[in-house]
There are 2 protein chains.
Amino acid sequence: MSAFEKIKAHSQKLSHFQHLASICGWDQAAVMPSGGSQARSEAMAELYVHMHNLQTQPQLADWFSEAEQETLNTQDSATLRELKRNWQQANVLPEELVQAKSLAGSKCEHAWRTQRGQNDWQGFEKNWAEVVKLSQEEAQIRSEATGLSAYDAMLDIYEPGTTTASLDQLFNDVKSWLPEMIDEAIEKQSADKFIEPQGKFSSETQKALGLDVMKLLQFDFEHGRLDESVHPFCGGVPTDVRITTRYDEQEFVQSLMGIVHETGHARYEQGLPKSLAGLPSGQARSMGIHESQSLFFEMQIGRSNAFIAHLARLAGTHFHGHDTELFSQANFQKLYTRVKKDFIRVDADELTYPAHVILRYEIERDLINGQIKHTDIPELWDQKMQSYLGLSTKDNYKNGCMQDIHWTDGAFGYFPSYTLGAMYAAQFMASMKQTVDVDSAIESGDLTPIFTWLSDNIWSKGSLLTTDELVKQATGETLNAQHFKDHLRSRYL
Amino acid sequence: MSAFEKIKAHSQKLSHFQHLASICGWDQAAVMPSGGSQARSEAMAELYVHMHNLQTQPQLADWFSEAEQETLNTQDSATLRELKRNWQQANVLPEELVQAKSLAGSKCEHAWRTQRGQNDWQGFEKNWAEVVKLSQEEAQIRSEATGLSAYDAMLDIYEPGTTTASLDQLFNDVKSWLPEMIDEAIEKQSADKFIEPQGKFSSETQKALGLDVMKLLQFDFEHGRLDESVHPFCGGVPTDVRITTRYDEQEFVQSLMGIVHETGHARYEQGLPKSLAGLPSGQARSMGIHESQSLFFEMQIGRSNAFIAHLARLAGTHFHGHDTELFSQANFQKLYTRVKKDFIRVDADELTYPAHVILRYEIERDLINGQIKHTDIPELWDQKMQSYLGLSTKDNYKNGCMQDIHWTDGAFGYFPSYTLGAMYAAQFMASMKQTVDVDSAIESGDLTPIFTWLSDNIWSKGSLLTTDELVKQATGETLNAQHFKDHLRSRYL
């Protein structure tokens, strides 16, 4: 067995344990009764220790040295590149730092769950100081190992190849036109009349509607399920993708589009190359590309006129005893494209969302690079919210810098993925429209041509290409934010 | 750390992986979509290999030698005894035999799933020959390791301490009175008039009814769930017990009592000693004792007049639009105590069930001891069915010796547990009634005194005592089949 084959077998072994971790993780979030929590956490911790032991086995270093001398075809070379990347990520940090960060992160996140509601910045800041310090150490070590700057080395975990230089350019451009576009859109919508749904919309009926929409989106129910959890997510494994949603019986609008979003994640997973199962080259390319698929479903397909017509029609057939005007296409259109300046990222609409992300990016970049202190953040947050959305978060920590879970356990470098995803999605759609009659496909109810394009250009590629290569092969150019701007302008102005 | 403590830590580590295996096993049976099957099997196989590696780590031999020299208190001694028992069970067979039997068993069971429907004894027998041969080899090796006879060494896996000598005596006694009692009961019931349920009883309503009954039986929903699967079972872990049922919308009688049965298994698991979590001394005593708890719930509580009254009342409040006589206590009583000579063990009533078990016991005992050939079985089956239940299975393999899954993969020695469980349950009830007013407790709807007795005498003991010690401490004597006979006589004659 060649060294490359030994590494592949090792990766496949590891992927079996990852499979079990995914399924048990889904179970924990979707079905486990509360009393099962402690024993489950202990069992999962044991599994993670075992996986970490596998990832850091000393013989791997030799195998990689050997494998890099072997003659490999293009696909195997890409597989080796991704295997090595994963191995380096798993081995670059000293054990003590991993443990210290994990402990500090858990402590901070756990306390944050109550501190946020109490607007307790002082209490949070005390725990968070340690998380920030350890994250800065982590960034430093990653920086030395990769030759990237500190923050770029963190970005590289989630978005390999993306740099501060490229993000600064992209986001500065967005900042130059977004605030004005938001104001114009709000002004344009100000006279709109629409009917908001008012309960009761039973969870069961919402689920039946959601399943119908998933069918329209060709979710493969032989290889996946829809369930419920407090925080919706897409989990499981490519052969068995578990998406979740949360039902609010007062209204169905959010949950329904949430299902469309998670279905996008799911179809990417279901469409990954089966021949590369258990290898990192067979996995999703990056967080940003993953988000590009969920946002392609949610924003590009899901909020198109033609798809909104389907949603309105299906909702109308499922829910009875409500004002029928609620289910008119025009009303749905307004419900799903409402723009509002507000405090909370996760509730933000398509147009204001990038402002929330850019704000976080600028702050975490400077924090990880050591240019600001974590205690500077509330003031910076307030300044930037004022500047981008005209809102003050002074003394309002819970709806300001304490609103997200990401920073509580030190996931710095993740936020840009959301807006990168939105940009990639717009670019994919622009490119797809050159060869596919997207609107007719959606109108007809058979969206196959759209999914064929996504499968051919994105899903089936796994991580065989770098992100830049993937996007260039699919669209003829690397990331170009102009498509995103054009898309927003055409939808909102 | 003492050797005993090292072994305990090792056991707890192993139990974490067993936890994940249980949850993923439940997932496979209850929620996994069919397309997830292959990747899941591979992941589970990897986990089993890892668990096997843990169980057979060479240093354990030294640790056990050392630990046996250490001074341990009573509880720790019992823990060490059970740890050693598990370790020996895991190490006694050569790897090749384990693998060969697993392969032959999977092949035979898989083919059996179609062969049974086709009544294809010839086809089945070809695969099964290998399973029987390897099981005989297994029994031989276990026999040499334990000093027990071949079949007793197999019994010891499921029912430590139980022997052919004791079973022969017990079962010969049962055979001396059971056929006559069955005839008398059938004669007595022959004039009974009753109403059988006829659909539709929706799965949703059956589930709501089942949950109500589980509440009455004080199932702890903080530490467990009810779901659906093709073959009902009790799985999960003590902190998170997963029971399942299967709904037939034509009738609710079977599924409802099935839930009572699984709740008995579940409460045993939920009631195991928490201080011994992750150690074999904290686990259920044996298959027979496990079955004694499910059968205590199903037969001793569940079919008592007082409990039947609850079932009838609850069913009547859940189901509407049916003849109200269906939900009378008298009708429920008849539905739940109907005696019928029939071919299929899993559908058998309380009274004929032991005949099915004794028949299988006598055959598998002689097969494993090499006194008969597997090809003799169809004829022996027919003879014994004629003798015990007056039914012929000549040429009727699918409703004869091909009906059970147990033998297809070589689980010889398991069947006696069912009837041992029924006997223990009757004995526990007889003993409980000396100090607890069981009928009043059931009538009142607060069954706490019953569960307190079970918890004090059975559940909280885990495997600290041997089965004989456990039963003697609980009831003042070791297994005495007279209680079972008295119970059947009082219910059916």
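Does B:Cys401 count as buried or exposed, and what is its relative accessibility: which values describe this residue? In this predicted model, B:Cys401 is buried, at 9% relative accessibility. The sulfur of B:Cys401 lies 11 Å from the closest cysteine sulfur, that of B:Cys108, which is too far for a bond. B:Cys234, by contrast, is partly exposed, with a relative accessible area of 24%. Its closest cysteine sulfur belongs to B:Cys24 and is 17 Å away, again too far for a bond. Over all chains, the search of the whole structure returns zero disulfides.

Chain B and chain A meet in a contact that takes 31 residues from each of the two chains. About 2700 Å² is buried between them, and 61% of this is on carbon and sulfur atoms. On the side of chain B, the most area is lost by B:His16, B:Leu20 and B:Glu46, which together account for 20% of what that side buries. Four salt bridges cross the interface; one of them joins the side chains of A:Asp27 and B:Arg242, at 2.8 Å from N to O. Helices H1 (3-30) and H2 (37-55) and strands E1 (224-228) and E3 (240-245) of chain B each supply at least two residues of the side that touches chain A. H1(B) gives the most, with nine residues.

Within chain A, helix H12 (residues 305-318) has 14 residues and reaches 20 Å from its first C-alpha to its last, close to the expected 20 Å. Its buried residues include A:Phe307, A:Ile308, A:Leu311 and A:Leu314. The buried residues of H12(A) pack against helices H9, H10, H11, H13 and H17 of chain A.

Terms used
Residues are numbered from 1 along each chain as its sequence is written. Chains are lettered from A and ligands numbered from 1 in the order in which they are written. This is a predicted model: local features need pLDDT of at least 70, side-chain atom pairs count only at pLDDT 80 or more; totals for chains, interfaces and linings use all residues. Side-chain values use heavy atoms; hydrogens and water are left out. Helices (H or I, at least four residues) and strands (E, at least two) are DSSP runs, numbered from the N terminus. The expected span of a helix is 1.5 Å times one less than its number of residues. Buried means under 20% relative accessible area, exposed over 50%, partly exposed in between (1.4 Å probe, protein chains only). Contact means heavy atoms within 4.5 Å. A disulfide is a pair of cysteine sulfur atoms within 2.5 Å. Buried area is the accessible area (1.4 Å probe) that two parts lose on being put together, summed over both.
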